[in-house]
Amino acid sequence: MSQRPEQAVRRQRGPEQRLLTPLGPPRPDAARTVVAVHPGALPAGVWQTALARLPEDGAPHLLDLGTVPEYFAAALVPTLSVIGVRELAERCLTELTEAGLTERPFTLVGWSFGGVVAYEIAARLDGQGLGDRVEDLVVLDSIAPVAAFQRPEEELRPAMLLGWFAMYLGAKRRRRLTLAPGALEGLGEQDGLGVLLTEATAQGVLPDGTEPAGLRKLYTAFHTGLVRNNRCTVGYLPAPLDRTVTVVKPEGSLLPDSPDLGWTELSGRPIRRLPVPGDHYTMLQEPETADALAALLTTGSPTR
Amino acid sequence: MQRVTAEEARAWLVEKLAIRLGVGPEQIDVERYFDEFDLDSTEALILAGELEKWLGFELEATALWYHPTIAALSEHIAEESDRHVAAA
């Protein structure tokens, strides 16, 4: 065995996997360019519903962080060093610049951890005197990189993580996994996974016969991915930007009790909030959410 | 812990994959890359967890990347099984 994980990942995913991908034919005359930052966890194809609803003169592009070998591999092997938010953003910005996308204003959208990277991309453009290139900055159920939300791993409660995992399982099967209120409260990982396995097989989210060991393996991978994102943001406490941040928050948000997910602290102007249906993992696939997002991206918002 | 041969590992993987995909075992090409089967990452991880339970030991997280076919993974499993049995 001579390959490092990053090399193996590159071989498996193939050289055609680029960080920046245009979704559709090139449109140099596009009225509005939209760049979406995707952090993995779900296939990049989940953006299709939302981006397909953009006006025909739009030019959607995707920055898929899962194609960054060090980022992807760190979700598999927790002991690997991880790439930080600043370097991820720098690589994204390099690709955007080389593609000529920073020559004109564009809308920058990030889902989940992708919103944090989108924020840093905007900060870097601001720092270069090119802040006007980011016409809108939109974060989709992203938790702001502020001190209040930077928690060490041991403070992440199992009930909260299992609840997120339930949403994730449902989204992978394009349906919602419904749990009774408080079904996971007070449970540890093992008992909580038992509840999820029973419900997921009963509701057709997992096939009959799925073994607890299989679900545990999936949960471990999910958890390692979350921890990876946490590791990417360690020490990243950016200053606020003089721009409006639009916060799109689903009914089933990662942090339902936080109205702004911490973004008020990083937005030098009042934030704009957009409530949408769905949960953290299904929000991009909900037609109503896609319509709301498309309307937002079409009409724009006063970012600066 | 019992030693698992490459043939046994291959048979286990073929049977489980065939059930997941709803096809006959004879339709499972052991030289095909895992990511070319109609198996998403969720199903692949669940299968990996069930495989580890059957084996009685954990595989490293990158096993599927280093050994991306049933044939290659089965050989690796046999080597790992030998190592675990020897260490037990």
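**Exercise 1. Describe the burial and overall form of chain B.**

*Solution.* Of the 88 residues of chain B, 24% are classed as buried. A residue is called buried if 20 or more other C-beta atoms lie within 10 Å of its own, exposed if 12 or fewer, and partly exposed in between, with C-beta atoms placed from the backbone. The structure is a predicted model, in which local features need pLDDT of at least 70 and side-chain atom pairs count only at pLDDT 80 or more, while totals for chains, interfaces and linings use all residues. Residues are numbered from 1 along each chain as its sequence is written, and chains are lettered from A and ligands numbered from 1 in the order in which they are written.

Step 1: the secondary structure. Chain B contains four helices and zero strands, and its pattern along the sequence reads α-α-α-α. Helices (H or I, at least four residues) and strands (E, at least two) are DSSP runs, numbered from the N terminus.

Step 2: the dimensions. The C-alpha trace of chain B spans about 35 × 25 × 20 Å along its principal axes. A compact globule with 88 residues would have a radius of gyration near 12 Å, and chain B agrees because its value is 12 Å. This radius is taken over C-alpha atoms, and the globule rule is 2.2 Å times the number of residues to the power 0.38.

Step 3: the contacts. Two residues are in contact if their C-beta atoms, placed from the backbone, lie within 7 Å. Among contacts in chain B between residues at least 6 apart in sequence, 59% join residues at least 24 apart.

**Exercise 2. Trace the strand pairings around E4 and E5 of chain A.**

*Solution.* Step 1: the burial of E4(A). Six of the six residues of E4(A) are buried, so the strand is largely enclosed by the rest of the structure. On one side stand Phe106(A), Leu108(A) and Gly110(A), and on the other Thr107(A), Val109(A) and Trp111(A); all are buried, and both faces of E4(A) are thus covered.

Step 2: the partners of E4(A). Two strands pair if DSSP finds at least two bridges between them. Strand E2 (residues 32–38) of chain A pairs with E4(A) in the parallel sense over five bridges, and Val35(A) stands opposite Leu108(A). Strand E4 (residues 106–111) of chain A also pairs with E5(A), in the parallel sense over six bridges. Here Thr107(A) stands opposite Asp136(A) in E5(A).

Step 3: the connection. From E4(A) the chain passes through helix H5 (residues 113–127) of chain A to E5(A), a right-handed β-α-β crossover. Right-handed signifies that, with the strands pointing away from the viewer, the path from the first strand over the helix to the second runs clockwise.

Step 4: the other partner of E5(A). Strand E5 (residues 134–140) of chain A is mostly covered, with seven of its seven residues buried. E5(A) pairs in the parallel sense over four bridges with strand E6 (residues 245–252) of chain A, where Val139(A) stands opposite Val247(A).

**Exercise 3. Characterise the domains of chain A and its contact with chain B.**

*Solution.* Step 1: the domains. Chain A is assigned domain 1 (5–150 + 233–299) and domain 2 (153–228); such bounds come from an automatic or database domain assignment. The C-alpha centres of domain 1 of chain A and domain 2 of chain A lie 26 Å apart. Domain 1 of chain A gives 13 residues to their contact and domain 2 of chain A gives 11 residues.

Step 2: the interface between chains. Chain A places 18 residues in contact with 16 residues of chain B. Helix H1 (5–13) and helix H8 (212–232) of chain A each supply at least two residues of the side of chain A that touches chain B, and the largest share, seven residues, comes from H8(A).

**Exercise 4. Compare the settings of Arg174(A) and Leu261(A).**

*Solution.* Step 1: the backbone. Arg174(A) is not a glycine, yet has a positive phi of about 55 degrees. Leu261(A), also not a glycine, has a positive phi of about 55 degrees.

Step 2: the location. Arg174(A) lies in the loop between helix H6 (158–172) and helix H7 (189–202) of chain A. Leu261(A) lies in the loop between E6 and strand E7 (272–279) of chain A.

Step 3: the burial. Arg174(A) is exposed, with 10 other C-beta atoms within 10 Å, whereas Leu261(A) counts as buried, with 23 C-beta neighbours inside 10 Å.
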